[in-house]
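Grab a pencil and work through these exercises with the viewer open. Each one sets a task, then walks through a solution.

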Amino acid sequence: MKKVLTIAGSDSSGGAGIQADLKTFCAHKVYGMSIITAVTAQNTLGVSHIETLSSLSVRKQIEAVAEDIDIDAVKIGMLSNAEIILTVAELIKRYKFKNIVLDPVMISTTGFDLLEKDAKEALIQELLPLADVITPNLHEASAILDGLEIKSKDDMEKSVHAFRKLTSSAVLIKGGHLVDDAADLLAYEDKFRWYDAPKINTNNTHGTGCTLSSAIASNLALGLSVEQAVFDAKEYITGAIRNSLDIGSGNGPTNHLYRLIR
Ligand SMILES: Nc1ncnc2c1ncn2[C@@H]1O[C@H](COP(=O)(O)OP(=O)(O)O)[C@@H](O)[C@H]1O
Ligand SMILES: Cc1ncc(COP(=O)(O)OP(=O)(O)O)c(N)n1
């Protein structure tokens, strides 16, 4: 069985973070492992508290897994601060991790900071170059590109050229926050490809970014090309949103069981 590691924060409500990642791995029939960077108190209405683990704890968790188990792919989500980013970057290099999908989590949809403001540069300088695929949403892409306005599909196309100057990683700009579309744009090598999808009329989009990046990591572990891994992950997230769950009174979670329970 293929083995996939997530390095991310815990979401007590189970919709995003480590919990979404492990559910996604399970649905893709890969073995999931987790490195927890922070514990958030969170529900469908928002984040009320964050306790970040020490970089020593993160280091020890990664070493414990990597010294014992072969890892076929890694998904990276919420990292909280620069010290943890530097630790993760160092250990990626030491253990030569492959198939790395970086979701540059910065802020929750409900507006809570999940990355300290001064850590953005470390993320760009230290982690971006190590990732095989990065998956910013419109807000994160704009933050990485020094405030470049990205609100439309045209803006997304322009922004991939700016990304090309920063990194040779494949970049998937997620269009979930476009007004009437949910199209994502993949730029890889010197090509780009749109993954179109209709915008589903629902508030239940908590954890969509986490789910998509974990699905891509699972598909890479299973041996798919980047283009196909993104295609299959896009189908998975679209189905998980279409069948999303009315849990809680805010933004409910996606449904990872929709292919099993019909
Ligand atoms: N309402 C929606 N209908 C269809 N797809 C959506 C919707 N909202 C998000 N998505 C898709 O979910 C994935 C995550 O995107 P996005 O919500 O932009 O990321 P994040 O959760 O990081 O903000 C993307 O593939 C995006 O197109
Ligand atoms: C612990 C934790 N990690 C990441 C997120 C962000 O999740 P994401 O899927 O990018 O988007 P929203 O759920 O915020 O819409 C999170 N909330 N918690």
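**Exercise 1. List the buried residues of helix 1 and decide whether the helix is enclosed or open.**

Step 1. This is a predicted model, so we're reading burial from computed positions. A residue counts as buried when 20 or more other C-beta atoms lie within 10 Å of its own.

Step 2. Go along helix 1 and you'll pick out Gly-17, Ile-18, Gln-19, Ala-20, Asp-21, Lys-23, Thr-24, Phe-25 and Ala-27 as buried.

Step 3. Helix 1 spans residues 17-27, and nine of its eleven residues are buried, so the helix is largely enclosed by the rest of the structure.

Step 4. What does the covering? Strand 1, strand 2, strand 4 (73-76) and helix 7 are among the elements over those buried residues.

Step 5. Just past the helix, look at the backbone of Lys-29: its phi is positive, near 60 degrees.

**Exercise 2. Work out how strand 2 and strand 3 are arranged.**

Step 1. Strand 3 covers residues 46-52, and its pairing with strand 2 is antiparallel, with six bridges.

Step 2. To get the register, find Thr-40 and look across: Ile-50 of strand 3 sits opposite.

Step 3. The connection is a hairpin, with two residues joining strand 2 to strand 3.

**Exercise 3. Trace the partners of strand 8 and say how buried this strand is.**

Step 1. Strand 8 runs over residues 184-188; four of its five residues are buried, so it too is largely enclosed by the rest of the structure.

Step 2. One partner is strand 7 (residues 170-173), antiparallel to strand 8 over three bridges. Here Ile-173 faces Leu-185 of strand 8.

Step 3. Another partner is strand 9 (residues 191-195), again antiparallel, with five bridges to strand 8. In this pair Ala-187 is opposite Phe-192 of strand 9.

Step 4. Strands 8 and 9 make a hairpin with two residues in between, and Glu-189 in that turn has a positive phi of about 45 degrees.

**Exercise 4. Describe the surroundings of ligand 1 and then of ligand 2.**

Step 1. Start with ligand 1, which has 20 residues around it; Lys-174, Gly-176, Ala-182, Ile-200 and Gly-209 are the closest.

Step 2. Helix 7 and helix 8 (226-242) each put at least two residues into this shell, and helix 8 is the top contributor with four.

Step 3. Sort the ligand 1 shell by class and you get six nonpolar, ten polar and four charged residues.

Step 4. Now ligand 2: the shell has 19 residues, with Gly-9, Ala-16, Gly-17, Thr-109 and Gly-209 coming nearest.

Step 5. At least two residues of the ligand 2 shell come from each of strand 1 (3-11), strand 2 (31-43) and helix 7 (208-221). By class, that shell holds six nonpolar, twelve polar and one charged.

Step 6. Check the two lists of closest residues for overlap: Gly-209 turns up in both.

**Exercise 5. Decide whether the overall dimensions fit a compact globule.**

Step 1. Count the elements: the protein has eight helices and nine strands.

Step 2. For 262 residues, a compact globule would have a radius of gyration near 18 Å; the protein's value is 17 Å, so the two agree.

Step 3. The C-alpha trace spans about 45 × 40 × 35 Å along the principal axes, and 50% of the residues count as buried.

Step 4. Of the contacts with a separation of 6 or more, 69% link residues 24 or more positions apart.

Methods:
Residues are numbered from 1 along each chain as its sequence is written. Chains are lettered from A and ligands numbered from 1 in the order in which they are written. This is a predicted model: local features need pLDDT of at least 70, side-chain atom pairs count only at pLDDT 80 or more; totals for chains, interfaces and linings use all residues. A residue is near a molecule or strand if its C-beta atom, placed from the backbone, lies within 6 Å of it. Ala, Val, Leu, Ile, Met, Phe, Trp, Tyr, Cys and Pro count as nonpolar, Asp, Glu, Lys and Arg as charged, and the others, Gly among them, as polar. The radius of gyration is taken over C-alpha atoms; the globule rule is 2.2 Å times the number of residues to the power 0.38. A residue is buried if 20 or more other C-beta atoms lie within 10 Å of its own, exposed if 12 or fewer, and partly exposed in between; C-beta atoms are placed from the backbone. Two residues are in contact if their C-beta atoms, placed from the backbone, lie within 7 Å. Two strands pair if DSSP finds at least two bridges between them.
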